[in-house]
Each structure stands twice: as C-alpha cells, then as structure tokens.
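Biologist: Could you walk me through how to read a few features of a model like this one? I would like the general idea each time, and then the case at hand.

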Amino acid sequence: MTDLPKIDFIYLNEQDMIKAGVTDMAGCVDAMEDMFVLLHKGDYRMAGANNDSHGAMVVFPENSPFPNMPKPTADRRFMAMPAYLGGTYGTTGVKWYGSNIANRDKGLPRSILMFTLNDTDTGAPLAIMSANLLSAYRTGAVPGVGARHLARKDSKVVAVYGPGVMGKTSLAAFMVACPGIDTLKIQGRGQKSLDSFISWTKETYPQITNIEIVTDIETLVRGSDIVTYCASGETGDVSKYPIVKREWLKPGAFLSMPARSGHRRAVHGYDP
C-alpha cells in the first residue's frame, strides 16, 4: 500500500472561498465575460454526445417498489455538471448538487452544491470547494455581463422581483456594470426576505438612496432601467410564471431573467 501515488488537493469551505475572492463581483463579471468569449470560439467542452449538454441528472419516479426511494417532489434532483474551459484557464471540473424546494422548511438552501476542480492533463483533483457562494456569484455575474453590454450606461433604477440570494448577486453585478444606480424597486412574497434584502442593500450600497417596496409586477417594471426576475418556484406550469408585458417597459430597459428555474436563463435589451 505504501507504493500508492500521493494525490494532494485542497478543500475550501465557504469562508475559504470568500478569502479566495469568490465575492469579488467585479472579478466574477470579468471571468464570466471571458467564459462567453471562449464559448463563442468553441474553446470548451461539456457533457453529452454533442459535448454541449447541461449535465447528467438523477430524477425519481412517481411510483417505486422501494419504500426508501424519494418521491419526485418540487425541484428534487441530483445533478452533475462537468465542463472543460480553455483559454488561460485550461481546467476541468464538475459542479455536483442536490436540490429540494422543501429544504426551505429545514432552514437550508434549495440547492446544496460542491465543486471539484481537476488538473486537465493528469485528471488529479486540485480542489474540492463549497459551491453555494460560487454558484450564486456566477449566477449574478452572468446578468452583469449582459448589463455591461446592453443596459443604458446612465441607468438609475433597478427593479428586483424576488429578494433572495439570486436577487442580491444580480444587484451586485448591476452595480458593477452601472455604478450610477441610485434607486431600487423591489417585490417579494415575505416581509422577512424583503427586510433582509433592504438591510443588505443599505449596508452594501449606501449610494442607493431610494428604496421602494411594490406589490405588483407592472408597478415594479414601469419606469425601471434594469428589471430582473429572481423568484424561485416550481417549474412546469408556465401559467404560474411571472410575466412582463412589452408596454410596461421603458425604452432602452434591460431585462434579466435568471429565474424561474436555473435551467433557463436569458438577458434582453429592449429598444423599440
């Protein structure tokens, strides 16, 4: 047994990830912009026969003869998302997570994530990381790239539907792209999440001097320079999804949609 090769890797918990810079949103936006350039060039590989699959997912059946097998409740899944990214990065890794919307009742995030980074040449692990912060800041940084290129540079008003983690990181990215933002309009389902979001905003971005809580989406959208929908929920029944109507949009508004589900994301600029 003493002849076994020595494989060393580091483990980074959430505090280690913060020290490593995972919450540096300006750096995250730059990294995501690099990533999109490499995707455009084709210098990447993902899973599946076409090398472009979102990943491999474990789902559970409606009926099972095994009493301990979980039921397919909302957002219950396990998923592995491997990829190689070229350019100056040249690394390979996989995000692995389990998800269950019922986690909220247990005081846990809907998804709990880990990330393993490997040496692309040898395949040896380089690091195993706690990845909830990593994923949250990556999620927010993507709309930040969109805002950098599509939002009006003089944007002042941001509208956030869903005052959770995704809303916070999206706002952080918009502040990087449009530092003149001074007004926040926000809509949420619960007072606790609204209070938390507003306290965080006041502490993190004191330049946002105007904060308005609204109770309907039309009021949220109208007059806003940047609009983002970040509320999570059950997927499948599109009649329950939040909508935005063209006539609500201010000319030149930037629309970011990182939710209803992490599976489909899009950013849009509207200019009639």
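Biologist: Let me start with length: what span should the 17 residues of helix 2 have?

Modeller: The idea is to take a rise of 1.5 Å a residue and compare the expected span with the distance between the end C-alpha atoms. For helix 2 the expectation is 24 Å, and the end C-alpha atoms are 24 Å apart, so the two agree. Keep in mind that this is a predicted model.

Biologist: How confident is the prediction, then? What is the mean pLDDT of the protein?

Modeller: The mean pLDDT is 90, and 93% of the residues reach 70 or more. Over residues 261–272, though, the pLDDT is below 50, and this stretch has 35 contacts in the model beyond near neighbours in sequence.

Biologist: Back to helix 2. Which of its residues are buried?

Modeller: Burial is read from relative accessible area, and under 20% counts as buried. In helix 2 that applies to Met25, Cys28, Val29, Met32, Met35 and Leu38.

Biologist: And what covers the buried residues of helix 2?

Modeller: The cover includes two strands, strand 2 (44–46) and strand 4 (77–85), along with helix 3 and helix 4.

Biologist: Let me take those helices in turn. At what angle do helix 2 and helix 3 pack?

Modeller: For a helix pair, read the angle together with the distance between axes. Helix 2 (residues 25–41) meets helix 3 (residues 132–150) at about 75°, and their axes are 8 Å apart. Angles of 65 to 115 degrees count as roughly perpendicular, and helix 2 and helix 3 are therefore described that way. On the helix 2 side, the contact includes Met25, Cys28, Val29, Met32 and Phe36; on the helix 3 side, Tyr137, Ala141, Val142 and Val145 are among the residues involved.

Biologist: How many nonpolar, polar and charged residues make up the contact of helix 2 with helix 3?

Modeller: By class there are nine nonpolar, three polar and four charged residues.

Biologist: And how do the axes of helix 2 and helix 4 cross?

Modeller: They cross at roughly 85° and come within 9 Å. Helix 2 and helix 4 are therefore roughly perpendicular to each other. Met25, Ala26 and Val29 of helix 2 meet Thr169, Ala172, Ala173 and Val176 of helix 4. The classes here are six nonpolar, one polar and no charged residues.

Biologist: I would like to look at single residues in helix 4. Is Ser170 buried or exposed?

Modeller: For a single residue, I would read its element, its accessibility and its contacts together. Ser170 lies in helix 4 (residues 165–177), and because its relative accessibility is 0%, Ser170 counts as buried. Leaving aside residues up to four places away in sequence, Ser170 touches Gly140, Pro143, Thr228, Cys230 and Pro258.

Biologist: What does Gly167 touch, and where is it placed?

Modeller: Gly167 is also in helix 4, and at 0% relative accessibility Gly167 counts as buried. With the same sequence neighbours set aside, its contacts are Val160, Gly162, Phe197 and Cys230. Gly167 and Cys230 are 63 residues apart in sequence, yet 5.5 Å apart in space, C-alpha to C-alpha.

Biologist: How far apart are Ile213 and Ile186 in sequence and in space?

Modeller: Ile213 and Ile186 are separated by 27 residues in sequence and by 5.0 Å in space, C-alpha to C-alpha. Ile213 is found in strand 10 (residues 210–213) and, at 41% relative accessibility, counts as partly exposed. Beyond residues up to four places away in sequence, Ile213 touches Ile186, Gln191, Leu194 and Ile198.

Biologist: Where is Pro179, and is it buried or exposed?

Modeller: Pro179 is in the loop between helix 4 and strand 9 (183–187). Its relative accessibility is 58%, so Pro179 counts as exposed.

Biologist: Finally, backbone angles. Which residue just after helix 2 takes a positive phi?

Modeller: When reading phi, check its sign and then whether the residue is a glycine. Just after helix 2, Gly42 has a positive phi of about 90°. Asn51 has a positive phi of about 55° although it is not a glycine. Asn51 sits in the loop between strand 2 and strand 3 (56–58) and is partly exposed, with a relative accessible area of 28%.

Definitions and conventions: Residues numbered from 1 in each chain as written. Predicted model: local features only at pLDDT ≥ 70, side-chain atom pairs only at ≥ 80, totals over all residues. Heavy atoms only, no water. pLDDT = per-residue confidence, 0-100. Contact = heavy atoms within 4.5 Å. Axes fitted to C-alpha atoms, helices over the stretch in contact; angles between N-to-C directions. Helix = DSSP H or I, 4+ residues; strand = E, 2+ residues; numbered from the N terminus. Parallel < 35°, antiparallel > 145°, perpendicular 65-115°, else oblique. Nonpolar A, V, L, I, M, F, W, Y, C, P; charged D, E, K, R; others polar. Buried < 20%, exposed > 50% of the residue type's maximum accessible area, 1.4 Å probe, protein only. Expected span 1.5 Å × (residues − 1).
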